[in-house]
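Q: Please take a close look at one part of this model, the packing of a pair of helices, and set it in the context of the nonpolar core.

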Amino acid sequence: ASPFRTGVDVANFDAASRSFGFAATAVLYRQLTGDHTYDAFGVQQRNFALGANAWGMSLVVGAGETYPYCPHHQAANITGSPNGGNRILYGAVINGPNGADNFEDLGEMPDGAIPCSRDFEAFDGRGSRFMDDYSSWPSSEPAIDFTSTALLAFGISR
């Protein structure tokens with residue numbers, strides 16, 4: 001039902017890691033069975049996470065032309081260059097779009113944090129939202145499990 005043909009619910013947590021998980025599963029299925037039935041599906045899931053989505057945003061820091069500049073990450077925030085391409089987390093995978101209600105009370109910026117935000121609200125819909133903003137843990141927080149799933153998907157793809 002998704003206009004971007006993604007297998008994930010963009011109004012729920014873990015859009016990026018689930019997309020990369022589906023991409024990896026499609027490759028593993030082909031390798032195990034020799035059946036190419038799910039190849040196109042796997043490619044669509046990978047492409048969604050790399051920017052073929054409503055926001056045009058790659059969910060991998062540094063991948064593509066439009067990627068997360070304002071991850072919800074303390075060390076990256078104080079050592080990076082907000083709104084100019086945060087280089088410290090290249091390769092990190094963020095959560096991605098999430099349910100709009102998760103963004104209602106993000107709280108205050110911590111003392112010493114450098115404000116960093118890019119507006120993608122015009123592309124929100126279907127109960128989902130995406131924010132490239134330091135305070136936006138529901139969409140822009142990187143995680144090891146998100147990144148490791150992407151590494152698996154890229155590592156086994158041919």
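A: In this predicted model, the contact between helices H1 and H2 is formed by Ala15, Ser19, Phe20, Phe22, Ala23, Ala26 and Arg30 on the H1 side, and by Asp39, Phe41, Gly42, Gln45, Arg46, Phe48 and Ala49 on the H2 side. Sorted by class, this contact comprises eight nonpolar, three polar and three charged residues.

The geometry of the pair can be described as follows. The axes of H1 and H2 come within 8 Å and cross at roughly 155°. Because angles over 145 degrees count as roughly antiparallel, H1 is roughly antiparallel to H2. The crossing of the two helices is left-handed.

Both helices also belong to a wider assembly. The largest nonpolar core has 22 residues, of which Phe20, Phe48, Met57, Leu59, Val93 and Phe130 touch the most other members. Helix H1 (15-33), helix H2 (39-49) and helix H5 (144-156) are the elements that give two or more residues to this core. H1 gives the most, with six residues.

Phe20 deserves separate attention, as a residue of the H1 and H2 contact that also lies in this core. Leaving aside residues up to four places away in sequence, Phe20 touches Arg46, Ala49, Leu50, Val60, Val93, Thr149, Ala150, Ala153 and Phe154. Among these partners, Arg46 and Ala49 are also on the H2 side of the helix contact, while Val93 is another of the core residues that touch the most other members.

A second core of ten residues is separate from this one and includes Tyr69, Cys70, Leu89 and Cys116.

Technical notes
Residues numbered from 1 in each chain as written. Predicted model: local features only at pLDDT ≥ 70, side-chain atom pairs only at ≥ 80, totals over all residues. Heavy atoms only, no water. Core = buried A, V, L, I, M, F, W, Y, C linked by side-chain atoms within 4.5 Å. Buried < 20%, exposed > 50% of the residue type's maximum accessible area, 1.4 Å probe, protein only. Helix = DSSP H or I, 4+ residues; strand = E, 2+ residues; numbered from the N terminus. Contact = heavy atoms within 4.5 Å. Axes fitted to C-alpha atoms, helices over the stretch in contact; angles between N-to-C directions. Parallel < 35°, antiparallel > 145°, perpendicular 65-115°, else oblique. Left-handed = near helix turned anticlockwise from the far one by under 90°. Nonpolar A, V, L, I, M, F, W, Y, C, P; charged D, E, K, R; others polar.
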